[in-house]
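Got your viewer open? Here is a short tour that tells you what to select at each stop and what you should find there.

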Amino acid sequence: MDRMLMVLGGFSAVLVIWVLASVRREHIRVEYSVSWLVAATVLVIVSFNRRLVEWMAEALQIQYPPLVVIVLMLGVFLVVLYRVSLRISELKDNNIALAQKLAILEYRQKSIHEAQRQHPETT
Amino acid sequence: MSGPLIPGERGLLVLIPCFNEQGAIAQVIVDIQREMPGVPVLVIDDASADATVQMADAAGADVLALPHHLGLGGAVQAGYKLAFEAGFQYVIRVDGDGQHSASDIPRVFDALKSAGCQMVIGSRYAAGQRNYTSVFRAFGIIVFRTILRPILGTWVYDPTSGFVGVNREALALFSRSFPLEYPEIEALVVLQRKAFRFVEVPCRVRPRQAGRSSITAIKSVYYLIHVLLGVFVNILKFEGRKRK
């Protein structure tokens with residue numbers, strides 16, 4: 001059990017370091033790193049706290065206590081991934097609206113140039 | 001480019017969303033111009049990799065070129081936005097592959113003006129007529145027709161038709177909010193939710209004149225699931241949580 005918790009805790013600690021390094025290199029924006037940092041930190045705390053794991057296992061009636069951390073991990077990452085999907089959807093909507101706006105503006109600009117070319121005396 | 005895009009006497013714009021339709025687009029435009037002289041034709045190019053833009057431009061259409069591929073709904077909505085901003089009263093959308101006959105456009109336009117509805121669908125089944133339809137599409141049409149019957153409260157015989165006319169009310173709505181990937185069926189539900197009316201008028205459908213359909217056999221399954229989900233999401237949508 002201890003070894004399993006160590007592995008999960010180690011994995012979570014690596015995730016924390018990885019996210020911090022990514023923030024430092026500006027590969028991920030601070031506001032998007034928060035959910036990953038919180039999730040990974042919670043997992044580190046839980047993994048290295050044997051009494052907390054055993055208490056949670058008993059409360060959830062899970063026979064093998066390290067499974068608690070894995071279930072928690074799954075739940076936390078599902079929530080984070082769902083938040084990412086929401087953000088992607090929003091970005092896609094914005095991207096489409098921007099592309100449409102750009103196309104319309106380019107069209108209008110070309111129309112003006114065309115009109116100027118055909119009737120230079122009016123400009 | 002023949003622009004700037006200005007509503008003529010009839011206030012009508014013909015909209016052609018296109019993606020890699022260089023083989024058919026010129027003839028489609030020429031047919032429309034012959035059938036509806038003086039009516040502006042706007043081609044929405046959804047970032048084609050071929051010479052669609054050049055062919056459309058040479059044929060005398062206005063071309064709205066999207067900077068990258070948005071999919072059918074995004075392309076059509078871009079056209080609706082431009083038409084709405086330019087002040088058009090009616091927009092008729094036809095496919096760029098030559099499946100729709102330009103000679104049916106006046107019938108759709110007349111219905112749009114006189115039927116007191118916000119949308120007119122050029123339907124391959126409206127008068128019980130038989131038209132060219134692939135097996136997959138025919139199956140899909142039957143499925144969607146049956147599912148939409150209780151939702152819309154009426155039969156729509158050709159719910160996947162891309163031959164659609166809208167008046168300014170529907171144009172205003174679709175400029176703000178339009179289904180983005182496979183828009184035809186979801187658009188019907190959007191209209192129904194707004195208590196808008198639509199009618200079907202018979203039209204002819206031919207095999208596509210060139211190019212390939214974007215909906216392959218495998219994609220049809222995805223299409224079916226996607227559209228069904230889109231329909232139910234639109235039913236569940238409450239006012240105030242609309243896309244921008």
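## First stop: a serine on the outside

Start by selecting Ser85(A): this residue is exposed, because just 9 other C-beta atoms lie within 10 Å of its own, and 12 or fewer counts as exposed. Keep in mind that you are looking at a predicted model. Ser85(A) sits in helix α4 of chain A. Now add Arg51(A) to the selection and draw a C-alpha to C-alpha distance: the two residues are 34 apart in sequence and 35 Å apart in space.

## Along the first helix of chain A

Next, pick residues 2-24 of chain A, which form helix α1. How far apart are the C-alpha atoms at the ends of α1(A)? They are 33 Å apart, which agrees with the 33 Å that 23 residues should span at 1.5 Å a residue.

Show the side chains of Leu8(A), Ser12(A) and Val19(A), which are buried. To see what covers the buried residues of α1(A), colour α2 (30-47) and α4 (66-118) of chain A, which are among the elements that do so. Then step just past the helix to Glu26(A), where phi is positive, near 60°.

## Over to chain B

Switch to chain B and colour by secondary structure: you should get 8 helices and 7 strands. Of the 244 residues in this chain, 47% are buried. If you look at contacts in chain B between residues at least 6 apart in sequence, 78% of them join residues at least 24 apart. Colouring by pLDDT is worth a moment too: the mean for chain B is 85, and 88% of its residues reach 70 or more.

## A strand with neighbours

Zoom in on β4(B), residues 90-93. Tyr90(B) and Ile92(B) point one way from the strand, Val91(B) and Arg93(B) point the other way, and all of them are buried.

Which way does β1 (residues 12-18) of chain B run beside β4(B), parallel or antiparallel? The pairing is parallel, over 4 bridges. For a landmark, find Leu13(B), which stands opposite Val91(B).

Now bring up β6(B), residues 164-167, which is joined to β4(B) by 4 bridges and runs antiparallel to it. Here Tyr90(B) has Asn167(B) as its bridge partner.

## Into the core

In soluble globular proteins, nonpolar side chains tend to be buried together. For the case in hand, select Val14(B), Leu42(B), Val43(B), Ile44(B), Val91(B) and Ile92(B): these have the most contacts inside the largest nonpolar core, a set of 77 residues. Helix α3(B) supplies the largest share of that core, 7 residues.

Centre on Val14(B) and leave aside residues up to four places away in sequence. What does Val14(B) touch? Its contacts are Ile32(B), Met36(B), Val39(B), Val41(B), Ile92(B), Val94(B) and Ile105(B).

There is also a second, separate core of 11 residues, including Ala40(A), Val53(A), Val68(A) and Val69(A).

## Last stop: where the chains meet

Finish by showing both chains. At their interface, 17 residues of chain B are in contact with 13 residues of chain A. On the chain B side, β3 (62-65) and α3 (72-86) each supply at least two residues, and α3(B) gives the most, with 5. Colour that side by residue class and you will find 10 nonpolar, 4 polar and 3 charged residues. For the model, the scores are ipTM 0.82 and pTM 0.82.

How values were computed: Residues are numbered from 1 along each chain as its sequence is written. Chains are lettered from A and ligands numbered from 1 in the order in which they are written. This is a predicted model: local features need pLDDT of at least 70, side-chain atom pairs count only at pLDDT 80 or more; totals for chains, interfaces and linings use all residues. Two residues are in contact if their C-beta atoms, placed from the backbone, lie within 7 Å. Ala, Val, Leu, Ile, Met, Phe, Trp, Tyr, Cys and Pro count as nonpolar, Asp, Glu, Lys and Arg as charged, and the others, Gly among them, as polar. pLDDT is the predictor's confidence in each residue, from 0 to 100. A nonpolar core is a set of buried Ala, Val, Leu, Ile, Met, Phe, Trp, Tyr and Cys residues joined through C-beta atoms within 7 Å. A residue is buried if 20 or more other C-beta atoms lie within 10 Å of its own, exposed if 12 or fewer, and partly exposed in between; C-beta atoms are placed from the backbone. The expected span of a helix is 1.5 Å times one less than its number of residues. Two strands pair if DSSP finds at least two bridges between them.
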